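Biologist: I'm new to this one, so could you walk me through it? Let's pull it up first.

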Amino acid sequence: GWVHVPSNSETSPLLALKASGQAKLYGKKNNVKVGTYSKVRVTLGDTTVRTKTSGNVKAVLPSDVVEINTTAKVRANESTVVKLDFLADKSLHATSDNKYVFAAVVNSETRSGATVSEEGGVVTSTGGTVDANTTVGVDLSGVSKANFQLNTTGDLKINTAANGAIS
């Protein structure tokens with residue numbers, strides 16, 4: 001089964017984090033059972049785009065869940081880090097009807113035996129062993145796929161009559 005890592009529901013300014021080169025603490029759980037885990041699942045909340053002309057606009061998500069097939073090794077008396085880098089420049093797509101789609105593209109790195117420090121919500125992890133580097137992207141049907149990025153060279157539209165279906 002899944003191990004739930006509690007997190008604070010908060011806004012993460014993806015572009016500002018990328019520009020600063022910082023990592024933000026999303027959630028932390030002590031006493032995770034020792035073992036090797038094969039998936040990480042992240043649930044996204046509302047995604048807002050700040051535009052120059054229209055202010056804040058809610059983006060449509062093909063899915064609010066991103067599943068990453070990876071390897072995370074949890075060992076006794078060691079820290080394990082799962083670093084998720086949401087690539088906003090590859091995830092956010094403008095539609096032909098002036099709306100936005102956020103089809104998440106995420107780089108994931110899992111590291112066991114790391115040294116972790118956290119100050120003011122900013123996390124630094126060093127050392128240890130990188131157990132996996134994985135990239136996943138969410139397609140228009142909401143499925144997470146390895147090494148996937150939505151291709152929007154065509155005409156992307158949001159059908160508001162069909163509960164926001166993306167076509």
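**Arg111 and other charged spots**

Modeller: Let's start with Arg111: a polar atom of its side chain lies 2.8 Å from the backbone oxygen of Gly127. Keep in mind that this is a predicted model.

Biologist: Where is Arg111, and is it buried or exposed?

Modeller: Arg111 has its place in strand S9, residues 105-119. Its relative accessible area is 16%. Buried means under 20%, so Arg111 counts as buried.

Biologist: Which residues does Arg111 touch, leaving out those up to four places away in sequence?

Modeller: One part of the list is Ser79, Thr80 and Val81. The list also includes Gly127, whose backbone oxygen we've already met at 2.8 Å from the Arg111 side chain. Put together, the residues touched are Ser79, Thr80, Val81, Gly127, Gly128, Thr129, Val130 and Asp131.

Biologist: Which side chain meets that of Arg111 in a salt bridge?

Modeller: A salt bridge here needs a Lys or Arg nitrogen within 4 Å of an Asp or Glu carboxyl oxygen. For Arg111 the N to O distance is 3.2 Å. The partner is Glu109.

Biologist: How many salt bridges does a search of the whole structure find?

Modeller: The Glu109 and Arg111 pair is a salt bridge, and Asp46 with Lys58 is another, at 3.5 Å, N to O. The search of the whole structure finds five.

Biologist: How many residues apart are Asp46 and Lys58, and where do they sit?

Modeller: Their side chains meet in a salt bridge, and the pair links distant parts of the chain. Asp46 is in the loop between strand S2 (35-43) and strand S3 (47-51), while Lys58 is in strand S4 (residues 55-59). Both Asp46 and Lys58 are exposed. They are 12 residues apart.

Biologist: In the salt bridge of Lys145 and Asp139, which residue is buried?

Modeller: The two side chains meet at 3.1 Å, N to O. Lys145 has a relative accessible area of 36%, so it's partly exposed. The other residue has 9%, so the buried one is Asp139.

Biologist: What is the phi of Asn77 near, and what is that of Asn147 about?

Modeller: Most residues other than glycine have a negative phi. Asn77, in the loop between strand S5 (65-74) and strand S6 (79-86), has a positive value instead. Asn147, in the loop between strand S12 (144-146) and strand S13 (158-159), also has a positive phi although it is not a glycine. The values are near 60 degrees for Asn77 and about 50 degrees for Asn147.

Conventions. Residues numbered from 1 in each chain as written. Predicted model: local features only at pLDDT ≥ 70, side-chain atom pairs only at ≥ 80, totals over all residues. Heavy atoms only, no water. Helix = DSSP H or I, 4+ residues; strand = E, 2+ residues; numbered from the N terminus. Buried < 20%, exposed > 50% of the residue type's maximum accessible area, 1.4 Å probe, protein only. Polar contact = N/O pair within 3.5 Å; in protein donor to acceptor, adjacent residues only side chain to side chain. Contact = heavy atoms within 4.5 Å.
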